[in-house]
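Trainee: Before we discuss this protein, could we look at the model together and take the overall fold and then the aromatic rings in turn?

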Amino acid sequence: MTAIRSRPQHEVVRDIRAFLVAADDLPSPQGTALRIVEMARDPEASLEDIVRVVKTDPALTGFVLRAASAARFHAMRGTANVQVAVQRLGLNAIRSHALVLSLISQSARLRCEGFNYHHFWISSLHVGLLTEAFALAAHNQSADDTFSLGLLSNIGMLAFATAEPAEYGRLLAFARTARAELEPLEREVFGFDHHELSAVLLVDWQLPTSTADIIYWQRDPEGGGFATGSTPYLLTGALRLARTLSDHVLDPTGGDHLASARLRAAILEIDAGQMREILAESLVSLREWAHLVGLPMPRIDAGRLELAD
């Protein structure tokens, strides 16, 4: 189990702000992504303005059209209408997708020993897909922007690897050798973990504070003070389950996460059959997303897909 946080949230956020100010380099939006982030601050920006910006970036256009064809938008399957796709997804999702594409394109210049950039982004895409599906299964309706919630939920790891590549590389190596959880080590070295850092970065990038709160508490859904059965509680639980199950499938060297996944699924009232079906469908979608963004699809251990006792 993850150690419960002992520091008040406002103190953690204060220290993260100091870290961000002092950092020589950080993940940051560029090009189209930067323009969309700036537009989010402009109350005069219209849907047509956003559509025009999206259309200038072929990669983002493909990303948006693919996202708009997701299962929750049955009527839009196969749509090629960018304006309809942008309208349906909303500004928060468009901004998240632009951020991810921008950050993926910058990964080639980053150097943190022991940090696998391809695996990080494949895992992020997979967690996004699973979060969306589990939120739908647990909530019985589509919650807004759950794909983006999962997609950006671990962005703090990229921030550590960018701002402190040598120190974070040593921390990752120690965690692998000692088979230790990463978050307590991060809090010991930096004073905060990558989930906490993720939450502050997303607020800085103009994403809703409600999204940041869910990401902040993703390792401890019960610790966030969310009312049982509320949308934030269910989304935090769905994100936790998504991360745990994705780690089980994509990171077999990281230990057995299946028991934790089953427990979280039971809390969300998702049965084993649903979980197995969602996992299988997520891997089909992941292959399509990996091709779209130009990332290699990892080999999957078939034994990890059984989810059997």
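**Long-range contacts and aromatic pairs**

Mentor: Keep in mind that this is a predicted model; among its contacts with a separation of 6 or more, 69% are made by residues 24 or more positions apart.

Trainee: How many helices and how many strands are there in the protein?

Mentor: The model is predicted, and its local features need pLDDT of at least 70. On that footing, the count of strands is 0, and the count of helices is 16.

Trainee: What is the radius of gyration of the protein, and what does the globule rule give for 309 residues?

Mentor: For 309 residues the globule rule gives 19 Å, and the protein comes close to that value, so it is as compact as a globular protein of that length. The radius of gyration itself is 18 Å.

Trainee: Is Phe 115 buried or exposed?

Mentor: A residue counts as buried under 20% relative accessible area. Phe 115 has 8% relative accessibility, and therefore the class that applies to Phe 115 is buried.

Trainee: Which kind of pair do the rings of Phe 115 and Tyr 117 form?

Mentor: A pair of aromatic rings is described by the distance of the centres and the angle of the planes. In this pair the centres of Phe 115 and Tyr 117 are 4.8 Å apart, and the planes stand at 65 degrees. Since planes over 60 degrees apart count as edge-to-face, the pair of Phe 115 and Tyr 117 is edge-to-face.

Trainee: Which residues do ring pairs link into a cluster?

Mentor: The search of the whole structure finds 13 aromatic pairs. The cluster linked by ring pairs consists of Phe 19, Phe 160, Tyr 168, Phe 190 and Phe 192.

Methods. Residues are numbered from 1 along each chain as its sequence is written. This is a predicted model: local features need pLDDT of at least 70, side-chain atom pairs count only at pLDDT 80 or more; totals for chains, interfaces and linings use all residues. Side-chain values use heavy atoms; hydrogens and water are left out. Helices (H or I, at least four residues) and strands (E, at least two) are DSSP runs, numbered from the N terminus. The radius of gyration is taken over C-alpha atoms; the globule rule is 2.2 Å times the number of residues to the power 0.38. Contact means heavy atoms within 4.5 Å. Rings of Phe, Tyr and Trp (its six-membered ring) pair if their centres lie within 6.5 Å; planes under 30 degrees apart count as stacked, over 60 as edge-to-face and the rest as tilted. Buried means under 20% relative accessible area, exposed over 50%, partly exposed in between (1.4 Å probe, protein chains only).
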